[in-house]
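Hello,

Here is the structure I promised to pass on to you. Have a look at it first, and then read on for what turned up in it.

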Amino acid sequence: MLSLVFPLGLTALALSVGLRELGDMTDIAASLLATMLFLVAAPTGWLFTVEFIEAGRLLIITSALFTSLPLWYLVGSRLASYSPNWGMWFRNYCVLCLAWSVGNVVLVVVAGSIAG
């Protein structure tokens with residue numbers, strides 16, 4: 001269950017921006033960052049944002065969480081089966097979360113630079 005801390009924490013940070021609030025230009029940057037944080041936490045969210053799916057934000061968030069949290073749980077339990085103690089599991093989990101986050105940011109930057 002401890003493996004769900006990272007995705008749920010990122011989701012809480014992403015949702016703290018607010019779903020329907022109006023704001024100035026800094027809020028646009030915050031909402032873009034929140035979207036990126038949510039897609040790092042719930043990688044299956046990409047599937048639910050396809051143009052032909054008519055879904056609201058709440059449906060996309062809940063369906064992405066319900067499909068991504070089991071993946072994070074499986075990754076955490078797999079790490080637990082290979083780790084001899086909690087300290088080693090925590091270190092491996094932090095490295096995995098950091099690598100996953102950096103990989104996603106690099107992917108978005110590369111895709112953005114290719115797209116123009």
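The protein chain has four helices and zero strands, so to speak an α-α-α-α run when read from the N terminus on. Please keep in mind that this is a predicted model.

Some overall numbers first. The chain has 116 residues, and buried residues make up 28% of them. About 8100 Å² of the protein chain is exposed, with carbon and sulfur atoms supplying 74% of that area. Among contacts with a separation of 6 or more, 65% are between residues 24 or more positions apart.

Next, the nonpolar core. The largest one holds 19 residues, and those that touch the most other members are Phe-6, Phe-38, Leu-65, Trp-72 and Tyr-93. Two or more residues come from each of helix 1 (5-15), helix 2 (25-41), helix 3 and helix 4 (86-115). Which helix gives the most to this core? That is helix 3, with six residues.

Phe-6 is a good place to zoom in. Leaving aside residues up to four places away in sequence, Phe-6 touches Val-40, Trp-72, Tyr-93, Cys-97 and Ser-101. Two of these partners, Trp-72 and Tyr-93, are also on the list of core residues that touch the most other members.

Helix 3 deserves a closer look too. This helix covers residues 57-82, 26 residues in total. From its first C-alpha to its last, helix 3 reaches 37 Å, close to the 38 Å expected at 1.5 Å a residue. Its buried residues are Ile-60, Ile-61, Ser-63, Ala-64, Leu-65, Ser-68, Leu-69, Trp-72, Gly-76 and Leu-79. When you look at the spacing in that list, a general point helps: an α-helix has 3.6 residues a turn, so residues three or four places apart point the same way. Ile-61, Leu-65, Leu-69 and Trp-72 are among the buried residues you could pick out along helix 3.

Finally, there is some empty space inside. How many cavities of 30 Å³ or more does the structure hold? The count is one, and the largest cavity has a volume of about 40 Å³. Its lining is made up of Met-36, Leu-39, Trp-46, Asn-104, Leu-107 and Val-108. Helix 2 and helix 4 are the elements that give two or more residues to this lining, and helix 4 gives the most, with three residues.

Enjoy exploring it!

Best wishes

Key
Residues numbered from 1 in each chain as written. Predicted model: local features only at pLDDT ≥ 70, side-chain atom pairs only at ≥ 80, totals over all residues. Heavy atoms only, no water. Expected span 1.5 Å × (residues − 1). Buried < 20%, exposed > 50% of the residue type's maximum accessible area, 1.4 Å probe, protein only. Core = buried A, V, L, I, M, F, W, Y, C linked by side-chain atoms within 4.5 Å. Contact = heavy atoms within 4.5 Å. Areas by Shrake-Rupley, 256 points an atom, 1.4 Å probe, with all protein chains shown as cover. 1 Å grid on protein atoms, 1.4 Å probe; cavity = no way out; pocket = protein on both sides within 12 Å on 5 of 7 lines; lining within 4 Å. Points joined across faces, edges and corners; volume = space filled by probe spheres on them.
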